[in-house]
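User: I have a structure open and want the labels on it justified. Take me through the reasoning, starting with empty space inside.

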Amino acid sequence: IQMRDVVIVYGGDSVENEISAQSGQGILKNIDQSKFCASLLNIKDLKVDLIKQGTVIFIAVHGLGGEDGETQKLLANNGIKFTGSGEDSAKLCWDKISSKALMQKNNIPTPPHKIIRKDEKLDLKDQFFASRESLFVKPNSNGSSFGVSKVTDFKLLDQAVEEARKFSEDVIIEEAYNLAEYTVGVLKGEALEPLEIIANDNKGFYDYQAKYLNKNTKKVEVVDKEVKKELQKIALKAFYQHGCQTWGRVDFVFNGKDFGVLEINTVPGFTENSLFPLAAKISGINYQELITRIIEDSI
């Protein structure tokens with residue numbers, strides 16, 4: 001059989017490039033060598049005219065350059081096949097403000113929020129702040145929880161907005177759903193087993209530290225059948241309303257009454273210990289098989 005060339009693209013200028021390098025290494029090490037001839041390439045060295053015909057690009061760039069639609073656009077314009085969602089849906093998921101608007105329009109539950117545009121001042125008399133005890137302040141577009149703050153003392157809101165603005169001009173202030181965090185991977189039209197994320201640290205949310213550095217963060221299978229079904233149903237709806245393809249991960253929060261979709265990751269972390277491969281494993285798909293399915297669905 002003809003071996004298919006796969007170039008695993010990683011790295012970039014994003015704050016997430018270290019994780020991206022680990023994802024790339026993991027894919028290279030575990031890819032099925034009886035089917036694919038794989039190599040690693042830093043996105044900075046990607047030159048489309050040097051890509052051999054028939055090659056598939058496995059996009060393992062998280063954040064800027066990998067999840068904002070730029071790489072997808074470049075590859076699509078040059079007729080090169082690549083894994084995952086296309087330019088438009090990647091862009092839509094990356095831009096939290098657009099994504100929020102789409103979710104509200106399509107009755108996909110998401111926490112209530114307020115947008116602070118780049119030259120706008122914060123007005124604490126705004127009704128939005130009246131009834132809410134804790135808030136998340138986030139950059140409009142960025143990954144891995146960079147620039148995100150949890151605020152319970154509203155005197156610190158201005159400071160949190162400034163922090164978020166280091167990563168993006170527009171900022172979202174969102175009601176905090178504090179009871180639980182979940183994530184659901186979607187693979188080829190099916191929702192994988194949902195996971196609950198228990199961040200065991202003083203910040204009380206799944207930030208960069210908890211995601212990548214803290215050994216106490218637990219990722220546990222959701223056993224409640226009703227919760228599982230509801231999460232999977234909402235995840236698939238959110239995934240397809242955003243026009244996503246092949247694979248991705250939908251992140252949720254819960255306030256005791258409602259689930260809320262936080263965001264959709266079109267190129268989620270892909271190390272062997274990352275959430276998506278873990279959810280696949282619990283769903284009966286090992287890491288190598290997962291890599292194969294993603295590539296084959298993109299051909």
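User: How many cavities of 30 Å³ or more does the structure hold?

Analyst: One. This is a predicted model. About 40 Å³ of space lies in the largest cavity.

User: What makes that space a cavity rather than a pocket?

Analyst: A 1.4 Å probe fits in a cavity but cannot get out, whereas a pocket is an open set.

User: Which residues line the largest cavity, and which elements give two or more of them?

Analyst: The lining is Lys 96, Ser 99, Lys 100, Met 103, Leu 262 and Glu 263. Helix α4 (96–105) and strand β14 (259–265) each give two or more. α4 gives the most, with four residues.

User: How is that lining split by class?

Analyst: Three residues are charged, two are nonpolar and one is polar. Lys and Glu count as charged, Met and Leu as nonpolar, and Ser falls among the polar.

User: How many disulfides does a search of the whole structure find?

Analyst: Zero.

User: Why is there no bond between Cys 244 and the closest cysteine sulfur?

Analyst: The closest cysteine sulfur is in Cys 93, 3.7 Å from the sulfur of Cys 244. A disulfide needs the two sulfur atoms within 2.5 Å. The pair is therefore too far apart for a bond.

User: Why is Cys 244 called buried, and Cys 37 partly exposed?

Analyst: Buried means under 20% relative accessible area. Cys 244 has 4%, so Cys 244 is buried. Partly exposed lies between that cut-off and 50%. Cys 37 has 41%, so Cys 37 counts as partly exposed.

User: Is Ser 298 buried or exposed, and why?

Analyst: Buried, because its relative accessibility is 12% and the cut-off is under 20%. Ser 298 sits in helix α10 (residues 287–298).

User: What makes the link from Ser 298 to Ile 294 a polar contact?

Analyst: The side chain of Ser 298 reaches the backbone oxygen of Ile 294 at 2.7 Å. The limit for a polar contact is 3.5 Å, with a donor and an acceptor.

User: Which residues is Ser 298 in contact with, leaving aside neighbours within four places in sequence?

Analyst: Lys 81, Phe 82, Thr 83, Gly 84 and Thr 246. Contact here means heavy atoms within 4.5 Å.

User: Where is Glu 230, and why is Glu 230 called partly exposed?

Analyst: Glu 230 lies in helix α8 (residues 225–241). Its relative accessible area is 31%. Partly exposed falls between the 20% and 50% cut-offs, so Glu 230 takes that label.

User: How far apart are Glu 230 and Gln 2?

Analyst: They are 228 residues apart in sequence and 42 Å apart in space, C-alpha to C-alpha.

Definitions and conventions
Residues are numbered from 1 along each chain as its sequence is written. This is a predicted model: local features need pLDDT of at least 70, side-chain atom pairs count only at pLDDT 80 or more; totals for chains, interfaces and linings use all residues. Side-chain values use heavy atoms; hydrogens and water are left out. Buried means under 20% relative accessible area, exposed over 50%, partly exposed in between (1.4 Å probe, protein chains only). On a 1 Å grid over the protein atoms alone, a cavity is a set of points where a 1.4 Å probe fits but cannot get out, and a pocket is an open set with protein on both sides within 12 Å along at least five of seven lines; lining residues have an atom within 4 Å of a point. Grid points are joined across faces, edges and corners, and a volume is the space filled by probe spheres set on the points.
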